[in-house]
Amino acid sequence: MREGARSGAAEIAAERSARRQLGEALEELHAREVDAGLRRPVPRRRWILAMLVAFVAVVLAGVAVVAWSGARNAPTDDDFERAAADRVAVLIAPDHRDPSRARKILAGATGTFYDEFAQSADSYSAFVQANGSVSESSVDGTGVSARDGDSATVLVAATVVFDAGETGEGQARRFRLRVLVTPDDGALKLGAVQYLP
């Protein structure tokens with residue numbers, strides 16, 4: 001096995017030497033042609049310009065690859081709409097039988113909405129519990145109205161049916177919201193919520 005490795009290394013060294021000799025011969029031929037007036041010398045500026053163009057092309061290709069891979073991993077409009085629908089459905093449907101509802105809302109919140117709701121989460125839970133509120137929500141439609149980097153503004157139309165208890169049919173209310181959906185800890189969450197008239 002060592003004999004084969006030695007002969008392979010010798011072949012590689014011989015090939016490298018032959019390439020180097022060929023390069024030197026071509027340079028010498030070019031120099032003699034320039035001396036004889038058969039060929040013009042390549043100006044140094046042209047070489048520098050060619051190297052600069054090649055460098056800029058490589059940099060631009062690298063930037064394009066980075067931008068392409070970043071865009072490929074970015075959430076789609078469907079991802080934003082699905083996240084908005086899921087988070088809003090939990091937000092607008094109070095249920096006194098679910099004491100963890102405020103925690104579920106906070107788990108899907110981030111940014112200013114998280115800060116604002118966290119301050120009133122206990123009051124929210126106490127109010128729902130005191131009123132015995134029970135409701136069912138359904139998201140009727142969603143649509144991305146704007147995107148800014150990794151975040152999107154999503155319009156949400158939803159219906160909430162409040163349980164009327166023994167009195168008969170529940171009361172339905174329709175809501176329109178504008179929500180900011182933004183990534184946080186690997187998930188899309190509500191960063192801001194605005195009720196629309």
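**Close-ups of a predicted model**

**View 1. T142 across from V156, where strand 1 meets strand 2.** In strand 2, the residue standing opposite T142 is V156. This is a predicted model, and the close-up picks out one spot along an antiparallel pairing of strand 1 and strand 2 that runs over twelve bridges. Strands of a sheet pair through backbone hydrogen bonds, in either a parallel or an antiparallel way.

**View 2. The whole open sheet, four strands in the order 1-2-3-4.** Pairing here is antiparallel, and the sheet is an open one. Strand 1 (135-148) and strand 4 sit at the edges with a single partner strand each, so one side of each goes without a neighbour in the sheet. On average, neighbouring strands are turned by 30 degrees against each other, direction ignored.

**View 3. Strand 2 against strand 3.** Eleven bridges hold this antiparallel pair in register, with strand 2 covering residues 151-162 and strand 3 covering residues 171-184. Look for F162, which has Q171 of strand 3 standing opposite.

**View 4. The hairpin of strand 3 and strand 4.** Just two residues lie between the two strands of this hairpin, and D185, in the turn, has a positive phi of about 50 degrees. Strand 4 takes in residues 187-196 and runs antiparallel to strand 3, joined by nine bridges. Along the pair, V179 faces V193 of strand 4, the two standing opposite each other. There's a salt bridge to spot as well: the side chains of K189 and D184 meet at 3.8 Å, N to O. Which of these two is buried? K189 counts as buried, with a relative accessibility of 12%, while D184 comes out partly exposed at 25%.

**View 5. R147 reaches D77.** A search of the whole structure turns up seven salt bridges, and in one of them the side chains of R147 and D77 meet at 3.0 Å, N to O. This pair ties together distant parts of the chain, R147 in strand 1 and D77 in helix 3, 70 residues apart. R147 is partly exposed, with a relative accessible area of 39%, and D77 is also partly exposed, at 34% relative accessibility.

**View 6. D79 and R82 on helix 3.** Here's a salt bridge within one helix, with the side chains of D79 and R82 meeting at 2.9 Å, N to O. Both residues lie in helix 3, three residues apart, or about one turn of the helix. D79 has a relative accessible area of 28%, so it counts as partly exposed. R82, at 47%, is partly exposed too.

**View 7. D98 and its charged company.** D98 sits in the loop between helix 3 (77-91) and helix 4 (101-107). What links D98, R101 and K104? A network of salt bridges does. The side chain of D98 also makes a polar contact with the side chain of K104, at 3.0 Å. D98 has 15% relative accessibility and so counts as buried, as the cut-off is under 20%.

**View 8. A nonpolar patch on the surface.** L49, L52, V53, F55, V56, V59, L60 and V63 together make a nonpolar surface patch of about 760 Å². V63 belongs to helix 2, which spans residues 44-73. Is V63 buried or exposed? V63 is exposed, because its relative accessible area of 52% is over the 50% cut-off.

Terms used
Residues numbered from 1 in each chain as written. Predicted model: local features only at pLDDT ≥ 70, side-chain atom pairs only at ≥ 80, totals over all residues. Heavy atoms only, no water. Pairing = 2+ DSSP bridges. Axes fitted to C-alpha atoms, helices over the stretch in contact; angles between N-to-C directions. Buried < 20%, exposed > 50% of the residue type's maximum accessible area, 1.4 Å probe, protein only. Polar contact = N/O pair within 3.5 Å; in protein donor to acceptor, adjacent residues only side chain to side chain. Patch = residues over 30% accessible without salt bridge, like charges linked within 9 Å, V, L, I, M, F, W, Y side chains within 5 Å. Areas by Shrake-Rupley, 256 points an atom, 1.4 Å probe, with all protein chains shown as cover. Salt bridge = Lys/Arg side-chain N within 4 Å of Asp/Glu carboxyl O.
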